[in-house]
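Biologist: Mind walking me through this one? I'd like to hear the reasoning behind each label.

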Amino acid sequence: MRNIKAIGLIGAGHIGSQLARLAIANGYDVVLSNSRGPETLSALVAELGPRARAAKPADAAQAGDLVVVTVPLKNYRAVPGAPLAGKIVIDTNNYYPQRDGHIPELDNESTTTSELLQAHLPASKVVKAFNHIYAAELTTHGQPAGTPDRRALVIAGDDKDAKGVVAHLLDQFGFDTVDAGPLKEGWRIQRDTPGYGPRRTAAQLRTDLAAARRYRDQ
Ligand SMILES: NC(=O)c1ccc[n+]([C@@H]2O[C@H](COP(=O)([O-])OP(=O)(O)OC[C@H]3O[C@@H](n4cnc5c(N)ncnc54)[C@H](OP(=O)(O)O)[C@@H]3O)[C@@H](O)[C@H]2O)c1
């Protein structure tokens with residue numbers, strides 16, 4: 001894909017490791033990072049092969065032409081901003097108060113998870129993606145473009161070009177894309193909405209997005 005050779009990953013757990021596998025399978029270099037240090041990722045790097053390496057988060061952010069943030073939401077403020085300036089940043093994160101603690105502006109729905117990350121990374125182009133598919137399905141549900149009833153995934157973002165790049169990446173990874181609009185519309189695919197979790201085609205996801213209700217209205 002245009003100008004994207006390496007994908008950086010901030011977070012290498014269930015989702016990060018699966019996205020790394022997809023990225024490697026599609027010819028990208030991958031730089032993985034976690035909170036404990038690169039040495040703890042040696043088994044995953046060995047599995048992924050010579051196109052993968054592990055680094056500290058700031059180094060993974062620097063090395064990636066596109067970077068994925070896939071950490072527990074409570075840790076989003078630790079994501080290094082300077083090396084991500086000007087870059088497309090994919091945000092997979094969801095809000096689970098029992099894991100993340102209560103975040104008042106999410107509880108009162110005055111903002112959304114991806115808008116929080118965008119506010120933390122004002123010089124980056126944040127695109128919400130991969131937040132509503134189970135990690136294991138990332139490597140089992142993908143199908144070639146044009147497959148009837150191909151699974152679709154939602155994106156949201158404020159930068160049209162960045163969304164185009166991410167939609168192309170999704171297509172490479174085996175999924176159609178449904179654009180929910182700007183980041184502020186990302187709530188339509190948050191936890192406990194109809195499209196969150198199940199396998200859906202693009203047409204079904206559009207119906208799900210339209211049917212989504214705010215937590216206060218559920
Ligand atoms: N699991 C799913 O099926 C799924 C699906 C869609 C979206 N999501 C969302 O995606 C995000 C990641 O989920 P996950 O299931 O992949 O989580 P996970 O398996 O718990 O992995 C989290 C990763 O983030 C790393 N991390 C934590 N704090 C960090 C920091 N400050 N700097 C760098 N790395 C840090 C962890 O490293 P250490 O292990 O070294 O601490 C770990 O590699 C969450 O917001 C989740 O809600 C999950």
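Modeller: Sure. A residue is near a molecule if one of its heavy atoms lies within 4 Å of it. Keep in mind that this is a predicted model. In it, 24 residues surround the ligand, and the closest are His14, Ile15, Ser35, Arg36 and Asn75.

Biologist: What classes of residue does the shell around the ligand have?

Modeller: There are 11 nonpolar, 11 polar and 2 charged residues in that shell.

Biologist: What makes the pair of Ile15 and the ligand a polar contact?

Modeller: The cut-off for a pair of N or O atoms is 3.5 Å. A polar backbone atom of Ile15 is 2.8 Å from a ligand oxygen, so the pair counts. Thr92 does it with a polar side-chain atom, 2.9 Å from an oxygen of the ligand, so that pair passes too. For Asn94, a polar backbone atom is 3.3 Å from a ligand oxygen, so this one also qualifies. As for cover, the protein takes up 80% of the 900 Å² of accessible area that the ligand has on its own.

Biologist: And which pocket is the space taken by the ligand?

Modeller: That space is the largest pocket.

Biologist: Why do you say the charged end of Arg191 sits over the ring of Tyr96?

Modeller: CZ of Arg has to be within 6 Å of the ring centre and within 35 degrees of the ring normal. The charged end of Arg191 is 5.4 Å from the centre of the Tyr96 ring and is listed as sitting over it, so the label fits.

Notes
Residues numbered from 1 in each chain as written. Predicted model: local features only at pLDDT ≥ 70, side-chain atom pairs only at ≥ 80, totals over all residues. Heavy atoms only, no water. Polar contact = N/O pair within 3.5 Å; in protein donor to acceptor, adjacent residues only side chain to side chain. Areas by Shrake-Rupley, 256 points an atom, 1.4 Å probe, with all protein chains shown as cover. 1 Å grid on protein atoms, 1.4 Å probe; cavity = no way out; pocket = protein on both sides within 12 Å on 5 of 7 lines; lining within 4 Å. Sits in = over half its atoms within 2 Å of the grid points. Nonpolar A, V, L, I, M, F, W, Y, C, P; charged D, E, K, R; others polar.
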